[in-house]
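Please open the structure in your viewer and follow the stops below in order. Each stop says what to select and what is found there.

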Amino acid sequence: MALYIVSTPIGNLQDITLRALDILKSADLILCEDTRETKKLLGHYDIKTPTISYHQHSQFKKIEYIIQLLDEGKNLALVSDAGTPGISDPGNQLIAEIARVSPAQIAQVSPVPGPSALTAAASASGFPMDKFIFMGFPPAKKKRRKFFEEVSLAKYPVIFYESPYRILKTLKELEATYDSSHGPKETLVVACRELTKKFETIYRGAIGQVAKEIVPKGEFVVIVKNK
Ligand code: SAM
């Protein structure tokens, strides 16, 4: 009776650990952010374990049901669409609730580590990563300026996620923040597109230069390092 937090590939389906495959095969049930997405992975590895959805809009009733399954002695695996659950993905609320109702059994929440867009990008950045700041996604509307100011003032490399729809807007607003707040300042950006996939590209350079070169298609992780 454990809840395994299982990391899954961020693109290349071969990026999954042997232990993750064993746990996905042997679990009683897999909790998925989107069952259709996870079924692609399960189909590839011929895993027939039943799935149910658990996502950020899941009601509290769903959490109670999951806790009941654990109490009945079931082994469950939690996965997100890609990468590591809980990192800008569903999972935290469920784990916090399990810890709250059965603190003595907290060890039963067990991570099965593996791919994450965050660590994949950090590892290929070439920036010193002994200390860094992860800021999730820039806000869609309000508080964008505050977000970019925080990036521009950071003492350590800052990592954030971005979608293809906003990547250019985000880079332009980030550049404008430097121009208006501090005057010209040397800042390096690494923008990782479609990591582990066919069109994987890593752009490196000044913000304006990267904004000019980037093809705004696919998924992005951006790392900014102030000099
Ligand atoms: N929990 C996931 C993880 O650990 O990788 C991240 C989930 S977050 C909702 C999804 C975002 O991660 C995407 O919008 C993109 O910014 C980034 N991402 C995921 N896969 C990626 C990839 N293959 N290449 C670049 N960025 C990726």
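**Stop 1: the pocket**

Select α2 to begin: this helix supplies four residues to the lining of the largest pocket, the largest share. The model is a predicted one. The pocket has a volume of about 890 Å³. Its lining counts 34 residues, and those closest to the pocket centre are Asp 81, Ala 82, Gly 83, Asp 89 and Glu 219. Show these five as sticks to mark the middle of the pocket.

Next, colour the elements that give two or more residues to the lining: α2 (35-44), β7 (158-162) and β10 (220-226). Then colour by domain. Domain 1 (2-114) and domain 2 (118-225) each contribute at least three residues to the lining. What is the make-up of the lining by class? There are 15 nonpolar, ten polar and nine charged residues.

**Stop 2: from β10 to β8**

Keep β10 selected, since it is one of the elements that line the pocket, and add β8. The two strands pair in the antiparallel sense, over seven bridges. To find the register, select Cys 192, which stands opposite Val 221 in β10.

Is β8 mostly covered or mostly open? Of the seven residues in this strand (187-193), six are buried, so that it counts as mostly covered, buried here being under 20% relative accessible area.

Now add β9 (residues 201-205). β9 also pairs with β8, in the antiparallel sense and over five bridges. A pair to select here is Val 190 and its bridge partner in β9, Arg 204. When you show side chains along these strands, keep in mind that in a regular strand they alternate between the two faces of the sheet.

**Stop 3: the parallel sheet**

Move to the five-stranded sheet. It is open, its pairing is parallel, and the strand order is β3-β2-β4-β1-β5. Select β3 (51-53) and β5 (109-112) to see the edges: each of these strands pairs on one side only. Looking across the sheet, the twist from one strand to the next averages 25°.

For a closer look inside the sheet, select β1 (residues 3-6) together with β4 (residues 76-79). These strands pair in the parallel sense over three bridges. Which residue of β4 is the bridge partner of Ile 5? It is Leu 78.

Definitions and conventions: Residues numbered from 1 in each chain as written. Predicted model: local features only at pLDDT ≥ 70, side-chain atom pairs only at ≥ 80, totals over all residues. Heavy atoms only, no water. 1 Å grid on protein atoms, 1.4 Å probe; cavity = no way out; pocket = protein on both sides within 12 Å on 5 of 7 lines; lining within 4 Å. Points joined across faces, edges and corners; volume = space filled by probe spheres on them. Nonpolar A, V, L, I, M, F, W, Y, C, P; charged D, E, K, R; others polar. Domains from an automatic or database assignment. Buried < 20%, exposed > 50% of the residue type's maximum accessible area, 1.4 Å probe, protein only. Pairing = 2+ DSSP bridges. Axes fitted to C-alpha atoms, helices over the stretch in contact; angles between N-to-C directions.
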